[in-house]
Amino acid sequence: MDKRDDGKPPASHDGSSRGLSRRDFIKVTGAVVPAGVLVGERLLHAEAAAAADVVGPGAVPITLRINGTSHRLSVEPRVTLLDALRDRLAITGAKKVCDRATCGACTVLVDSKAIYACSMLAIDAQGRDIVTIEGLAPEGELHPVSAAFVDHDAQQCGFCTPGFVVATAAFLHRHPDPTYEEVKAGLGGNLCRCGTYVGLRQAALDAAQRMKGGLA
Amino acid sequence: MADYQWPQADDRSLIGKRISRLDGPIKSSGRATYTYDVQRPGLLFGKLVLSPHAHARIVSIDTSSAERMPGVQAVDVIRDAGQEVLWVGQEILAVAAETDEQARDAARAVKITYEKLPHLVSDVEPAQAGDRAEEEAEQVTGDPDAGFREADATIEGRYGSSVITHCCLESHGQVAEWEGDNLTVWASTQNVTGLVGQYAEGLQIPAGNVRIITPMMGGGFGSKFQADTWGLSCARLSKQAGRPVKMMLERDQELLVAGARPSIHARVRAGAKRDGTLTAWSSQAWGTGGITSRGSVNLPYIFQIPNRRSSYVRVSTNIGPARAWRAPRHPQMCLITMAALEDLAAELGMDALDFFLKNVGIMGARAQTYRQELLKGAELMEWKKKWHPRGDQTSGPNKRGLGLALHTWGGGGHQSNCNCTIHPDGSVEVSLASQDLGTGTRTVIAIVAAETFGLPLDAVKVNIGDSRYPPSGPSGGSTTVGGVSSSTRRAATSALNELLAKVAPSLGVEPGQLEAVDGRIQVIGDSSKSIAWKQACAKLGTTPITASGRRSRDLISSGVGGIQMAEVSVDIETGVVKMEKMVAVQDCGLVIDVKTAESQVHGACIMGVTYALYEEKLMDEATGLCLNPDMEFYKLAGIGDIGEIEVHMMTGPGYDDRGVIGLGEPPVISPGAAISNAVANAIGVRVPTLPLTPEKVLAALEKKGGAA
């Protein structure tokens with residue numbers, strides 16, 4: 001299937017080729033890798049921190065900045081960002097489905113980049129700007145992507161929908177004027193079981209137009 | 001008095017239009033609450049311990065270390081020492097702890113020893129199944145031997161579909177909470193009303209003490225009708241701990257035990273005259289749906305070939321148990337029949353479309369619908385322009401082909417009771433204990449009520465998903481829309497008639513001379529003699545009107561026909577099949593919401609592409625294990641795997657006047673067969689079984705000698 005095992009260079013979750021890709025990210029920091037192992041510019045910092053201050057296995061206090069609000073909580077280092085959001089903070093828009101970086105139902109933005117919250121540890125999300133589906137628009141209002149999903153019926157049971165909306169918003173942020181084919185490739189990191197892809201593709205293209213019109 | 005019959009086409013303001021689903025905004029903004037999302041004070045997390053063996057006897061269970069683990073609050077043994085487990089994943093016990101992580105640790109700390117017993121997990125032919133094979137009586141109609149003598153051409157082939165799973169994105173599970181002797185269960189279910197009795201019986205408590213709530217539902221597809229072992233265990237854990245417990249299946253558990261569609265395979269012989277007239281059919285079918293599976297296999301599908309013989313052997317295997325999967329057994333029977341008949345058309349050198357049209361006369365009650373649909377589909381697919389005989393002879397590795405299939409389904413309406421309330425302030429509520437699986441049930445109910453009252457859609461509040469509302473049946477077999485639309489129409493019409501009786505004196509007419517349109521009550525056809533809806537309702541004083549309605553058979557119908565055509569491309573170097581285009585032409589009586597109806601058909605086609613090309617529950621005979629209980633290797637189609645889909649709903653005279661018929665099952669039946677036929681047309685050889693993986697495509701090509 002196109003989105004996996006296609007032999008192409010890894011694309012990031014939101015279809016960009018810049019920075020750390022989703023697959024590299026998962027390879028390096030997958031949930032089984034001990035806390036503190038990070039990549040890129042954070043590596044040295046993390047190593048230094050690890051040497052000085054080994055955390056866990058018991059609960060540790062952390063602070064997460066989610067949708068513009070700081071939340072203090074206490075979690076074991078093995079707790080994923082997804083479980084911290086859902087089980088500790090009752091922020092349940094991101095869904096738990098595959099729990100291993102395949103389906104995208106848990107997609108959130110971390111520093112404006114779409115990531116699988118099931119495959120990032122909560123302690124590693126500290127100091128970063130986390131935006132969940134709830135943070136895309138104030139309650140009672142619809143983000144242009146959400147509105148396009150409604151108009152094109154890009155949802156049935158709706159369990160994959162929040163992940164798809166966040167992934168679409170991130171994709172459009174980097175590809176403000178995508179072609180149909182780019183939408184098909186760029187949203188390949190999420191899966192739907194009811195079969196809403198026809199509406200989804202229309203919704204993504206339509207949302208791009210709405211956001212160009214200054215609605216975002 | 002207002003009449004409850006469906007309004008004529010010209011009088012419909014909402015029914016039959018394109019209306020966005022009502023719960024769209026809360027779903028697409030992440031604010032819809034599913035069972036998995038339910039938060040309760042003091043909530044504990046439950047975790048199941050499952051059998052790691054396909055067949056074994058439990059020798060001992062030691063939960064003592066688990067009970068001492070941090071955070072553990074309750075342990076519930078489901079299957080005790082001495083009992084057998086019959087598949088990998090069969091439930092043995094459950095634990096509840098303060099956090100999900102602690103519950104997982106505790107589950108791992110349980111010590112269970114087993115005595116392994118012989119298993120069979122492979123999808124084998126009856127001859128290899130020994131005493132696991134159970135034969136059903138052969139069915140014979142006409143004189144099959146004479147039918148084959150009459151035939152100018154016969155084919156023999158082997159066709160089949162593998163075991164697949166439901167893979168609901170919201171896994172099975174629930175939150176259970178007790179208040180004294182009363183139990184509330186938030187459940188991800190297709191059967192809100194029915195679960196009350198199941199919990200009551202399973203826990204030996206009065207049904208009146210059980211309340212089931214299903215706020216939103218993350219997919220069921222036929223797998224969520226039961227309280228299930230884990231539901232009852234969750235309630236017991238909660239009772240034991242004195243706190244609410246959430247226990248949702250993990251993804252591997254969901255794929256192992258929470259639903260599978262049986263395999264069905266067959267060896268087929270079919271014969272026809274030179275002009276395409278079918279004369280004879282013979283099939284020996286077999287398949288497995290786990291230890292036991294219900295339901296029979298009736299072949300051939302739809303085509304009532306005058307001389308036919310069919311048999312079926314059920315093979316018992318140690319895999320997770322079968323559950324109803326959208327249109328149980330129809331997709332598999334459709335594949336076997338349509339593939340064999342397409343092979344026969346190819347043998348005769350006929351275009352499959354012409355061959356099917358030639359045999360419309362034996363397609364039963366919906367024959368003329370099929371004829372119209374085949375012609376419409378051919379137009380939308382540009383069939384005659386694109387079709388070529390078997391084997392795309394153009395150069396290059398990419399071969400294109402066309403295939404078609406037809407399907408049928410019942411429908412009707414499940415038992416449904418509805419209460420409709422008009423409040424003195426003019427607001428309207430409709431309450432019934434149905435559930436919205438994502439099909440648009442909530443929206444359909446609102447459309448019917450708003451249409452009846454002549455009000456805008458947002459004037460109606462729909463209350464569903466709670467067993468405290470009037471009982472409705474399970475959402476299975478495409479029966480929901482018929483049940484809820486007719487009960488809502490009857491309840492709303494009765495409530496309206498009470499209101500008309502209150503208002504009539506003030507307008508100086510009889511109630512029978514009044515109608516509700518455009519937000520007012522008026523003398524029929526005369527808007528000058530009217531009263532606004534709100535003012536009319538104010539005449540109720542302080543007492544609302546509540547009227548009830550039940551499923552009404554004269555508003556609904558059963559029995560639909562649909563056809564689908566697929567265009568595929570196949571890379572004969574890699575074996576990769578791509579769905580390029582599908583056309584779906586579907587009859588389902590009176591369509592209440594065209595938008596969500598089309599979504600159902602789109603979704604069914606996509607689910608069909610998925611089982612046609614990717615899905616298979618892979619079992620390993622040596623270990624008895626399932627090899628792909630996850631979403632990396634249990635593959636679902638992604639957004640880029642789906643080509644163009646064109647949907648045409650058969651509506652208007654001859655269709656609308658049948659009344660409402662459900663749509664969940666019919667369009668998911670044909671895709672596998674249509675795609676299999678398209679691949680055969682593209683590459684010139686039949687790939688015998690679904691899914692049509694690259695490996696199987698290349699094997700079929702190799703057998704044939706390489707080229708298409």
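Trainee: In what order do the four strands of the open sheet that includes β19 of chain B lie?

Mentor: A word on the model before we start. It is predicted: local features need pLDDT of at least 70 and side-chain atom pairs count only at pLDDT 80 or more, while totals for chains, interfaces and linings use all residues. Residues are numbered from 1 along each chain as its sequence is written, chains are lettered from A and ligands numbered from 1 in the order in which they are written, and side-chain values use heavy atoms, with hydrogens and water left out.

Now the sheet. Helices (H or I, at least four residues) and strands (E, at least two) are DSSP runs numbered from the N terminus, and two strands pair if DSSP finds at least two bridges between them. Here the order is β19-β27-β28-β29 of chain B, with mixed pairing. At the edges are β19 (398-411) and β29 (644-650) of chain B, each pairing on one side only. Neighbouring strands in this sheet are turned by 15° against each other on average, direction ignored.

Trainee: How many bridges join β19(B) to β27(B), and which residue of β27(B) stands opposite B:R400?

Mentor: β19(B) pairs with β27 (residues 558-571) of chain B in the antiparallel sense over 13 bridges. B:R400 has B:S569 opposite it in β27(B). Helix α15 (residues 594-613) of chain B packs on this sheet, touching β27, β28 (577-587) and β29 of chain B, and its direction makes about 130° with that of β29(B). Contact means heavy atoms within 4.5 Å. Axes are lines fitted to C-alpha atoms, for helices over the stretch in contact, and angles run from 0 to 180 degrees between N-to-C directions.

Trainee: Let's try the other open sheet of chain B. Which are the edge strands in the order β22-β21-β20-β26?

Mentor: That sheet also has four strands and mixed pairing. Its edge strands are β22 (460-463) and β26 (545-550) of chain B. On average, neighbouring strands are turned by 20° against each other, direction ignored. Two helices of chain B pack on the sheet. Helix α12 (residues 441-453) touches β20, β21 and β22, with its direction at about 140° to that of β22(B). Helix α13 (residues 480-507) touches β20, β21 and β26, with its direction at about 145° to that of β26(B).

Trainee: Is B:R489 in helix α13 buried or exposed?

Mentor: The general idea is a set of cut-offs: buried means under 20% relative accessible area, exposed over 50%, and partly exposed in between (1.4 Å probe, protein chains only). B:R489 counts as buried because its relative accessible area is 6%. Leaving out residues up to four places away in sequence, B:R489 touches residues including B:D3, B:Y4, B:Q5, B:W6 and B:P7. A polar atom of the B:R489 side chain lies 2.8 Å from the backbone oxygen of B:Q5. The C-alpha atoms of B:R489 and B:I15 are 12 Å apart, although 474 residues separate them along the chain.

Trainee: And how does B:T33 count?

Mentor: B:T33 has 36% relative accessibility, so B:T33 is partly exposed. Look for B:T33 in the loop between α1 (24-28) and β1 (44-50) of chain B. Beyond four places in sequence, B:T33 touches B:V38, B:P215 and B:M216.

Trainee: Which residues touch the most other members of the largest nonpolar core?

Mentor: In soluble globular proteins, nonpolar side chains tend to be buried together. A nonpolar core is a set of buried Ala, Val, Leu, Ile, Met, Phe, Trp, Tyr and Cys residues joined through side-chain atoms within 4.5 Å. The largest one has 154 residues, and those touching the most other members are B:F303, B:M338, B:F355, B:F356, B:L406, B:M565 and B:I675. Beyond four places in sequence, the contacts of B:M565 include B:L353, B:W383, B:L404 and B:V583. A second, separate core of 49 residues includes B:V444, B:F453, B:V460 and B:C537.

Trainee: What about chain A: how many helices and strands are there?

Mentor: Chain A has seven helices and five strands. Their run from the N terminus is α-α-β-β-α-β-β-β-α-α-α-α. Of its 216 residues, 56% are buried.

Trainee: Where in the hairpin of β1(A) and β2(A) is there a positive phi?

Mentor: At A:N67, with a value near 50°; the hairpin has two residues between its strands. Strands β1 (residues 60-66) and β2 (residues 69-75) of chain A pair in the antiparallel sense over seven bridges, and A:P61 has A:S74 as its bridge partner in β2(A).

Methods. A polar contact is a pair of N or O atoms within 3.5 Å; within protein, one must be able to donate a hydrogen and the other to accept it, and residues adjacent in sequence count only if both atoms are side-chain atoms.
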